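Reader: I am new to this structure, and I would like a close look at one part of it rather than a tour of the whole. Please take me through its interior slowly, and explain each term as you come to it.

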Amino acid sequence: MRSLDLPLDSEVVESLSMGDMCELSGVLYTARDAAHKRMLEDAARGEPLPIDVAGQVLYYVGPTPPKPGAVIGSAGPTTSGRMDAYTPRMLELGLTGMIGKGGRSPAVVEAIAEHRAVYFAAIGGTAALLAKRIKEVELIAYEDLGTEAIRRLVVEKFPVVVAVDSRGKDIFAEGYKAFAK
Amino acid sequence: MRTIDASEVTSRIREMSIESNYHVDPAYVRKVEEAKAGETSSLGLMVLDQITENAALASAERVPYCQDTGVSIVFAEIGQDVRIEGGLLEDAINEGIRRGYRDGYLRGSVVNDPLRRVNTKDNTPAVIHYRVVEGDRLKLYFAAKGTGAENMSMARMLKPSDGREGVIRTIVDHVFNSGGNPCPPVLLGVGLGGSIEKAALQAKWALFRELGAPNPDPLVAELEGDILEAVNRTGVGPMGMGGDTTCIAVHVETYACHIGALPICVNVECHAHRHAEVVL
């Protein structure tokens, strides 16, 4: 188990290998379908994005509403493949890492390798447990999107697996091979 | 003619929507627990541990197991000697969903229209299926269906010549290609025969069966066993990262079909198996 601080240094990203189990601590930003669409529409019009994604890590999540007194509701990863259409452009804008669940398209895996980025898989469905590792939440932009708004999270020991490393090694393309009968 | 008040329907649907999202089917969690003994991937084992730990935590703290609290699916079995008073059954069900999702702090995950895509904020409307049966009872089945798995569902019109082997191959290839997207270990609901929409309905209905209980027809039960074994040989594993535990159970429902047809639909269910039922 490796402990990593967020945002990630480029040397740290380079040192990660497919299948590494890691615990992340520091700042993340949430964004899923609608926030990606809107951010890239902003970028296409030449407007600044509500967050500077350069060097940052995005978490694909739409949490449940927090119960009274809770920092956040349940907050597990959503299916990353739905963000594939937007990801190469986000990587061009300097995004360093992503957290979600499930595989990425060949174009995204290629773009991750080209930009020396990393894609982490969190364990889908384990949203009560993952919410425990989220210590602070701040609404940043697109409040009208509700659960899909962009939020700044501070996480502590957030468990993930390196799914696509900076050399483009992809656990969803290779992981099954050792176990197929 | 027995009468049931619509408000009773609302209160039961409200309760089922909250409780099933906090407490996933304990039989599913037990199956995941049992699978650990046969899981040879260390990463896979870590995933299975995290799944059972999450189930215990969600239950103890009364919070949603998964942030995707799903689209609400309701099957209503209406005895033909029952009359609903005090409102439309459909409205009573939707009011129950509305209250459950609000009072239970569940996520509104439904948009009003597939093109306009405005969130209705209260998870309504539910997807409701009605069946008229004998008797003077109303039986309501509720499921919260997450979309990671639902999106990995599939319908296809096979040829009769594809036969049993074609059915198995189609399902295995499909699960393999879905990889980690549906959050394995999954449950597969399979509708075989009928027509395109009958197969889809049967596939969904199959998910409501007691987990792992075989189809009463021994020929179908044997098919279920063979599909399960073949899917678990793919190596897809927990969350698609490689391993021995891809599928927990296969439930196949069959129906008569045209001499020239072999419709098949696979409805995929994730490990967040949220089901409840009540008889009024």
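Author: What follows is a walk through one nonpolar core and the elements around it. This is a predicted model, in which local features need pLDDT of at least 70 and side-chain atom pairs count only at pLDDT 80 or more, while totals for chains, interfaces and linings use all residues. Residues are numbered from 1 along each chain as its sequence is written, and chains are lettered from A and ligands numbered from 1 in the order in which they are written.

The largest nonpolar core has 126 residues, and those that touch the most other members are F120(A), A163(A), Y65(B), I171(B), L188(B) and V190(B). Its largest share, nine residues, comes from β7(A), and because domain 1 and domain 2 of chain B both give residues to this core, it lies between them. Such a core is a set of buried Ala, Val, Leu, Ile, Met, Phe, Trp, Tyr and Cys residues joined through C-beta atoms within 7 Å. A residue is buried if 20 or more other C-beta atoms lie within 10 Å of its own, exposed if 12 or fewer, and partly exposed in between, with C-beta atoms placed from the backbone. In soluble globular proteins, nonpolar side chains tend to be buried together.

From chain A, F120(A) belongs to strand β5 (residues 118-121), where V118(A) and F120(A) on one side and Y119(A) and A121(A) on the other are all buried. Helices (H or I, at least four residues) and strands (E, at least two) are DSSP runs, numbered from the N terminus. Two strands pair if DSSP finds at least two bridges between them: β5(A) runs parallel to β4 (residues 97-100) of chain A, joined to it by four bridges, and antiparallel to β7 (residues 150-164) of chain A, joined to it by three. F120(A) stands opposite I99(A), and V162(A) is its bridge partner in β7(A).

Chain B is divided into domain 1 (2-20 + 65-145) and domain 2 (148-272), bounds that come from an automatic or database domain assignment. The C-alpha centres of the two domains of chain B lie 26 Å apart. Nine residues of domain 1 of chain B are in contact with eight residues of domain 2 of chain B, contact meaning that C-beta atoms, placed from the backbone, lie within 7 Å. On the side of domain 1 of chain B that touches domain 2 of chain B, β2 and β5 (138-145) of chain B each supply at least two residues, and β5(B) gives the most, with three.

Strands β2(B) and β5(B) also appear in an open sheet of four strands with mixed pairing, in the order β4-β2-β5-β10 of chain B. Since β4 and β10 (274-279) of chain B stand at the edges, each with a single partner strand, one side of each is left without a neighbour in the sheet. β2(B) and β4(B) run parallel over seven bridges, with A76(B) opposite Y130(B) in β4(B).

A second open sheet of chain B, also of four strands with mixed pairing, has the order β6-β9-β7-β8. Its edge strands are β6 (154-158) and β8 (247-257) of chain B, each of which pairs on one side only. β6(B) is joined to β9 (residues 262-269) of chain B by five bridges in the antiparallel sense, and A155(B) has C265(B) as its bridge partner there.

Across β6, β7 (186-194), β8 and β9 of chain B lies helix α7 (residues 196-206) of chain B, running at about 150° to β7(B); axes here are lines fitted to C-alpha atoms, for helices over the stretch in contact, and angles run from 0 to 180 degrees between N-to-C directions. Among the buried residues of α7(B) are A199(B), L201(B), A203(B) and A206(B), and the buried residues of this helix pack against β2 (71-79), β4 (127-133), β6, β7, β8 and β9 of chain B. Two of them meet V190(B): leaving aside neighbours within four places in sequence, V190(B) is in contact with A203(B) and A206(B), and also with I171(B), V250(B), H251(B), V252(B), I264(B) and V266(B).

The loop between α6 (163-178) and β7 of chain B includes P185(B), and the peptide bond from P184(B) to P185(B) is cis, with omega near 10°. C183(B) is found in that loop too, and its phi is positive, near 60°, although C183(B) is not a glycine. C183(B) is buried, with 31 other C-beta atoms within 10 Å.

Note on methods: Contact = placed C-beta atoms within 7 Å.
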